Amino acid sequence: MISREPALRLDLPSHTSRRWRGLPRWLGALALVALAAIAGHHFAMQNGLARLRQAADHRLDMLATGLDADLARFEYLPALLEMTPIVPALLRAPLDGELRDAVNRYLDGVNAAAGAEMLYVLDAAGTSLAASDWDRPGTTVGQDLSFRPYVIDALGQGKGRFYGIGITSRKPGYYLSYALRRDQPVRGVVAVKVNLEEAERAWRMLPGNVALIDQRGVVILATREDLKFRPMLPLDASQRAEVLRSRPYGEAGLQPVQWTLKEALARDVQVIALDGVDQLASKRSLRGAPWQLMALDDLAPVRVGARNAAITASLAMVVVLLLAVTLWQRRRAVRQKLANQAALQAAHDTLESTVAARTSQLRAAQGELVHAGKMAALGQMSAGVVHELNQPLTAMRTLSESAAILLDKSRFDDVRGNLQRIRGMVDRLARLTSQLKTFAHKSELPLAPVPMAQAIADAQAIVAEAAKKNGIAIVVDVQPATLSIMAEEAALGSVLVNLMRNAIDAMQASPAARRTLRLEARPQDGRVILRVSDTGPGIPPDILPRLFEPFVTSKPAGAGLGLGLVISAQLVRAMDGTLRAANLPEGGACFIADLPAAVQAIYIPTPTGVINK
């Protein structure tokens, strides 16, 4: 026996090479997509940072100019007060009550015109002698402010600047102090307190956050309340001692701001993480004070834009690669098409001879199929005629046998009634023969109003004997009793008899106590819904979808041809209706006919008679 294992091992390298042949192309495509995403993210990030820096620079220029102007507009006050005679007079006579009151009122008027928060005069010892708020709670009059840095600087250097929380008012402000040197030595100091909270409120209307940092690195103004009076870096020992002495920040805990430097973009521009959120921090020094303005802008929108740009760039690269692959495949398809055309031409030449040979065979088979179709149609029509005529003939036989029994009992009126019914059956047979053509095309017989209750009663009389023989109770529920439909009476009777007989046949195997045939009719939206239900075993699931096809039946061989429901459905369609079937949840089958309701007659009187519409 010869083993084929060596041949299999020889095939493996070829199969493996084909499998991995396209891997470099896929890796190259993924590399291009990744490169496009990285480039798109980088350029979008740089562009976003540039726009953010430009906006921050513009905002800082505007805020620094405004803040410098607010601080510089009070520099004229010392010269103004020094030239006012009553201020030097008060410094020479600090115990003069009338002079103190005059200076207080004068300072109040000057302060109202200047727009400062407070204006006051101190003696050479640092005690407040007069103030613009002398008549309000928290005034500085009588307070010893010699420990405050702005008083010390003014007495020693001629002027001082200080930002802090007021000793008496407990409100933060910017203090400007100037020594009064008209008479040597220095006799006093004039101090101005400027409220910068108005500027802070204006900052909140601008995008981003703004913070003002003093010479110790402590945030003294900020649009974020959690940053105020917090140092950017921990204070050293000397700074803490100075803070304890001058108390510029009141009772603030001076907890350092939690921030981390991530990247320095320029000397005054940094990317920091503030409380875990990346921010672009831009700084600007003030000309009029040793402070710095810092603008904080959230980088999340810039990063989102960069991510979107990366996605867009990668998608664009994917589109470019797909176009390139499409063009390559198109050229390949053109070459393949030319090769296929040559192969097809050769196959066409071979098939021509085969088609010629098969044509004669198909013609012979076509003749046999036409003959078989004619025979099937003939058998279907003959079976339909037998099925349709069998029901009235059976009823006529039952009525004639009943007439003979009644005649023996001399019940002539009942005999006459049976004969009239037989005559009606004969008329119905005549109409049925003309109605058989509806199996092939739509009936041309005119439709007329037919009372539903009467049609059901006529059909019930035909199947009464079979129902009685099988112990089946027939329940009729027509609401309203005068309900009528537009139909052909003979066709409607044929449909009802066929559905009722099928129900009777289906319930023969059911328990005697459950054999019930129910007919219900209700109007609905200009239509009449007729339901014929039984308590039999129901329709087999494999037959239900094909129930209205010719020669499909659930009855045993020889008991039915499978044409009754086909003819019934055709008759219902001829009456502009539909017929469908379903199994009931509690058991049994239900046939539902949707038929047009009868149109009531409208009589319009005319000069010559009555028009019926």
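How many helices and strands does the secondary structure of the protein come to?

**Figure 1. Overview of the predicted model.** The secondary structure of this protein comes to 13 helices and 20 strands. The protein has 613 residues, and buried residues make up 38% of them. About 35,200 Å² of the protein is exposed, with carbon and sulfur atoms supplying 59% of that area. Of the contacts between residues at least 6 apart in sequence, 59% join residues at least 24 apart. The salt bridges number 18. Some of them appear in the views that follow.

**Figure 2. The salt bridge between R303 and D278.** The side chains of these two residues meet with N and O 2.9 Å apart. R303 lies in helix 9, which covers residues 300-408, while D278 lies in strand 10, which covers residues 277-285. The pair therefore ties together parts that are 25 residues apart in sequence. Are the two partners buried or exposed, or something in between? R303 is partly exposed, with a relative accessible area of 34%. D278 has a relative accessible area of 16%, so it counts as buried, because buried means under 20%.

**Figure 3. The salt bridge between R224 and D226.** The N to O distance in this pair is 2.7 Å. R224 has 19% relative accessibility and counts as buried, since the cut-off for buried is under 20%. D226, at a relative accessible area of 36%, is partly exposed.

**Figure 4. The salt bridge between R136 and D135.** Here the closest N and O atoms are 3.7 Å apart. The pair still counts as a salt bridge because the rule asks for a side-chain nitrogen of Lys or Arg within 4 Å of a carboxyl oxygen of Asp or Glu. R136 is partly exposed, at 39% relative accessibility. D135 is also partly exposed, at 49%; it does not count as exposed because that class needs over 50%.

**Figure 5. A network of salt bridges with three members, D57, D61 and R284.** Which residues should be located in this view? The two Asp residues, D57 and D61, are linked with R284 in the network.

**Figure 6. A patch of positive charge on the surface.** The residues that gather in this patch are R21, R25, R331, R332 and R335. Which helix gives the most to the positive patch? Helix 9 does, with three residues. Helix 9 is also the helix that holds R303, the Arg of Figure 2. Another member of the patch, R25, is found in helix 2, which covers residues 23-72. R25 has 60% relative accessibility, so it counts as exposed, the cut-off being over 50%.

**Figure 7. A nonpolar patch on the surface.** W20, L23, L27 and L30 form this patch, and together they have about 430 Å² of accessible area. Three residues of the patch come from helix 2, which gives the largest share. L30 is one of the residues found in helix 2. At 55% relative accessibility, L30 counts as exposed. Helix 2 also holds R25, a residue shown in Figure 6.

Terms used:
Residues numbered from 1 in each chain as written. Predicted model: local features only at pLDDT ≥ 70, side-chain atom pairs only at ≥ 80, totals over all residues. Heavy atoms only, no water. Buried < 20%, exposed > 50% of the residue type's maximum accessible area, 1.4 Å probe, protein only. Helix = DSSP H or I, 4+ residues; strand = E, 2+ residues; numbered from the N terminus. Patch = residues over 30% accessible without salt bridge, like charges linked within 9 Å, V, L, I, M, F, W, Y side chains within 5 Å. Areas by Shrake-Rupley, 256 points an atom, 1.4 Å probe, with all protein chains shown as cover. Lys, Arg positive; Asp, Glu negative; His and termini not counted. Charge placed at Lys NZ, Arg CZ, Asp CG, Glu CD. Contact = heavy atoms within 4.5 Å.
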